[in-house]
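Colleague: Could you take a close look at one part of this model for me and walk me through it? Start wherever you like, and then work outwards from there.

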Amino acid sequence: MKCPFCDTEFEMETLKDMDEAISEDTVTEDLSWDTNAGSEWSDDELSGLTSYECKSCGAKITFDSNTTASSCPFCDNPIVMTAGFVGGLRPDLIIPFKLDKKAAKEGFEKHLMGKKLLPPVFKTQNHIDEIKGVYVPFWIYDSDSDASMEFDATKTRSYRSGNYRITDTDHYRVYRSGTMSFQNIPVDASQKMDDDLMDSVEPFDIDQKVDFQSAYLAGFCADKYDVSAQECSERANLRVKNSTEAAFKETVTGYTSVVTRNSNVSLQNGKTRYALLPLWILNTTWNGEKFRFAMNGQTGKFVGNLPCDKGLYWKYFFTTLLISGGILTGILVLLLVFNII
Amino acid sequence: MKKRIFYMVIALMLTVITVAVPCLPAKAEEEELGWSRVEGATDTQKFYDYADEIYDESEKEINDKLMALSKKYNIDVVGVICDDYPAEYAAKGDPIREFAMDFYAYADYYHEGQFCYDGIIFMLTLRDRSYALVSTGFVEGAIDSEGTEYIFGQVREDLSEDYFATAFREYANQVDVFMEAYEKGEPYINGKVPRTTGDWILYIGIVVGLALLIAFIRVSSLKADLKSVAKKTTATDYIVPGSLSLRKEKDYFLYRTTTRVKIESSSSSSGRSSSSSGRSFSGSSGHF
């Protein structure tokens with residue numbers, strides 16, 4: 001069969017096979033989850049918990065009854081105790097803190113080390129002692145993804161024939177469908193926590209989870225979710241979809257180029273759990289700008305953007321400019337002297 | 001005895017023929033070449049505008065300049081613009097170069113009553129926009145093939161804009177620079193070429209540009225050290241190992257496209273070669 005527009009010829013058999021391949025196995029995109037995460041609190045648990053509300057950022061923070069708090073771990077403003085414990089879902093799981101405050105302080109100091117453009121006074125002006133251990137609410141997503149994908153692929157061969165460079169490009173249509181599984185994708189359920197900061201502090205080893213016991217909150221505070229599992233699922237979907245597409249694309253090998261033509265990803269057995277994950281949080285202000293740092297209380301991974309000293313920036317710029325300019329001038333002189341250029 | 005005399009006569013005739021034929025008047029060769037000797041190829045004309053591309057005033061000015069150079073260094077500095085080379089040259093490997101060499105060789109330039117075998121010729125043919133720039137005699141030691149490439153590089157832009165008079169003026173300037181260096185005993189040969197103000201500006205520009213780039217890369221890298229927060233768009237850390245299972249894996253060949261691109265032979269060639277007169281020339285030729 002010949003295309004009337006571009007004269008490209010196709011084998012009828014190939015077109016027939018392709019039609020069959022498309023019709024026999026196409027996945028309809030469906031990215032929905034079972035979001036029935038969390039459970040009800042028992043009366044005993046409720047009696048051992050106290051809620052505080054931050055009037056500044058609106059955080060509803062939970063402590064065990066023996067812990068008192070005066071400032072919000074998210075914005076450092078004063079917080080007030082509300083009457084008893086204010087409901088919400090009981091977490092399905094919790095990862096207890098493995099690293100203490102001392103490790104968190106060391107982690108912060110290590111985070112500042114070797115940063116040449118960090119303002120020197122930043123180290124001394126921040127209040128490292130105010131670093132707080134917070135259980136941050138996360139939705140944990142498990143799912144199998146079922147995908148069908150279509151790719152345009154080419155194989156290119158180039159050779160010389162007489163005075164001509166001949167390039168043969170073979171065009172292929174490639175189909176892949178199948179499944180893969182994802183487990184324990186965490187998405188933070190707190191509006192007060194910056195999503196990118198929470199993404200950066202990953203990964204958590206969810207396999208080290210334990211069933212939630214309010215006793216784990218002793219000495220720490222816990223935030224309650226204020227973004228629903230349904231709302232957070234969009235971020236989980238994006239991550240699952242991207243990873244599935246990338247993994248399927250990697251199976252298309254032996255080609256010069258591979259371009260995704262069509263992709264349908266559907267979720268199966270998607271389930272959500274409500275979890276509290278351990279983070280050490282430090283809020284600080286420098287030159288009127290707020291900075292928040294977080295350390296994974298399980299792995300010790302420390303993240304948080306640092307301020308840049310403009311003066312140091314230009315000092316390093318001009319120093320490097322002078323040194324490299326001097327070296328390059330020397331090389332140029334040598335090249336000229338030895339008639340290399 | 002008669003036999004001996006006969007052999008001696010034959011040997012003498014062969015010797016005379018062997019020695020004399022290459023020195024025969026150019027008329028026979030001209031017929032063979034198919035073009036006539038250059039009219040007015042004397043020590044009063046060094047520039048020939050057969051294509052009538054240059055105003056008479058400019059033509060005279062360029063000719064005077066080439067004449068002055070020729071006199072200054074006791075060589076022939078020749079310039080030619082023509083519409084095309086003679087048809088019989090078309091079959092030759094490098095027609096413009098062959099024509100330029102023959103043009104120079106058969107022009108019989110001479111100085112103070114003596115033939116001059118040292119010089120340089122810059123020829124343009126407009127039909128196929130080709131050029132040849134070749135030197136001969138001791139001028140080869142002053143302007144070698146790399147030197148001619150360099151000189152052509154200085155006039156290429158003018159030629160591409162059809163500023164022929166400007167190109168020939170620059171040609172004369174460059175020949176003067178090369179010959180002066182030769183007379184000082186420091187010829188620009190074996191890849192050594194004169195450096196212009198433009199070259200120095202380029203060198204300084206490269207040094208400053210690279211230094212700026214290095215400085216920028218360094219401070220950008222130091223600034224990047226301060227950033228450790230970034231959005232995650234994949235869930236690669238959470239894929240269950242070995243869970244990828246393909247249900248369908250089909251690859252269909254659709255069609256083949258073929259492109260053919262002509263490999264352009266180098267737009268210029270350079271080196272040493274001999275004209276049909278037997279004289280050697282160094283230089284370059286190509287298209288502009």
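**A strand and its surroundings**

Modeller: Sure, let's begin with A:His171, which sits in strand β6 of chain A, a strand covering residues 164-188. Keep in mind that this is a predicted model. A:His171 has a relative accessible area of 18%, and because buried means under 20%, that residue counts as buried. What does A:His171 touch, leaving out residues up to four places away in sequence? On its own chain there are A:Ala153 and A:Thr154, and from chain B come B:Tyr252, B:Phe253, B:Leu254, B:Tyr255 and B:Thr257.

Staying on β6 of chain A, have a look at A:Arg173. Its side chain meets that of A:Glu150 in a salt bridge, with N to O at 3.7 Å. This pair links distant parts of the chain: A:Arg173 belongs to strand β6, A:Glu150 to strand β5 (residues 132-161), and they are 23 residues apart. Both ends are tucked away, as A:Arg173 is buried and A:Glu150 is buried too.

β5 and β6 of chain A have another link of this kind. A:Arg157 in β5 and A:Asp168 in β6 are eleven residues apart, again joining distant parts of the chain, and their side chains form a salt bridge at 3.5 Å, N to O. Are these two buried or partly exposed? A:Arg157 has 48% relative accessibility, so that end counts as partly exposed. A:Asp168 comes in at 5%, so that end counts as buried.

Follow the chain past β6 and you get to A:Lys192, in the loop between β6 and α5 (195-200) of chain A. What is its salt-bridge partner? That would be A:Asp223, with the closest N and O atoms 3.6 Å apart. A:Asp223 lies in strand β8 (residues 221-223) of chain A, so to speak of sequence, the two are 31 residues apart. Both A:Lys192 and A:Asp223 are buried.

There's also a network of salt bridges in chain A, and it links A:Asp188, A:Asp195, A:Asp199, A:Glu202, A:Arg235 and A:Arg239. Over all chains, the salt bridges come to 27.

Now for chain B, which supplied several of the contacts to A:His171. Chain B has an open sheet of six strands in the order β1-β2-β5-β6-β9-β8, with mixed pairing. Its edge strands are β1 (47-49) and β8 (268-274), each of which pairs on one side only. On average, neighbouring strands in this sheet are turned by 10 degrees against each other, if you ignore direction.

At the β8 edge, how many bridges join β8(B) to β9 of chain B? Seven, with the two strands running antiparallel and β9 covering residues 280-287. One bridge you can pick out is that of B:Gly271, whose partner in β9(B) is B:Gly283. Over at the other edge, helix α3 (residues 56-73) of chain B lies across β1 and β2 (76-82), running at about 155 degrees to β2(B).

One last stop is on the surface of chain B. B:Leu202, B:Ile206, B:Leu210, B:Leu213, B:Ile214, B:Phe216 and B:Ile217 make a nonpolar surface patch of about 630 Å². Among them, B:Leu210 lies in helix α7 (residues 197-224) of chain B. With a relative accessible area of 38%, B:Leu210 is partly exposed.

Note on methods: Residues are numbered from 1 along each chain as its sequence is written. Chains are lettered from A and ligands numbered from 1 in the order in which they are written. This is a predicted model: local features need pLDDT of at least 70, side-chain atom pairs count only at pLDDT 80 or more; totals for chains, interfaces and linings use all residues. Side-chain values use heavy atoms; hydrogens and water are left out. Helices (H or I, at least four residues) and strands (E, at least two) are DSSP runs, numbered from the N terminus. Buried means under 20% relative accessible area, exposed over 50%, partly exposed in between (1.4 Å probe, protein chains only). Contact means heavy atoms within 4.5 Å. Patches are made of residues with over 30% relative accessible area and no salt bridge: like charges are joined within 9 Å, nonpolar side chains (Val, Leu, Ile, Met, Phe, Trp, Tyr) within 5 Å. Accessible areas come from the Shrake-Rupley method with a 1.4 Å probe; for residues, only the protein chains shown count as cover. A salt bridge is a side-chain nitrogen of Lys or Arg within 4 Å of a carboxyl oxygen of Asp or Glu. Two strands pair if DSSP finds at least two bridges between them. Axes are lines fitted to C-alpha atoms, for helices over the stretch in contact, and angles run from 0 to 180 degrees between N-to-C directions.
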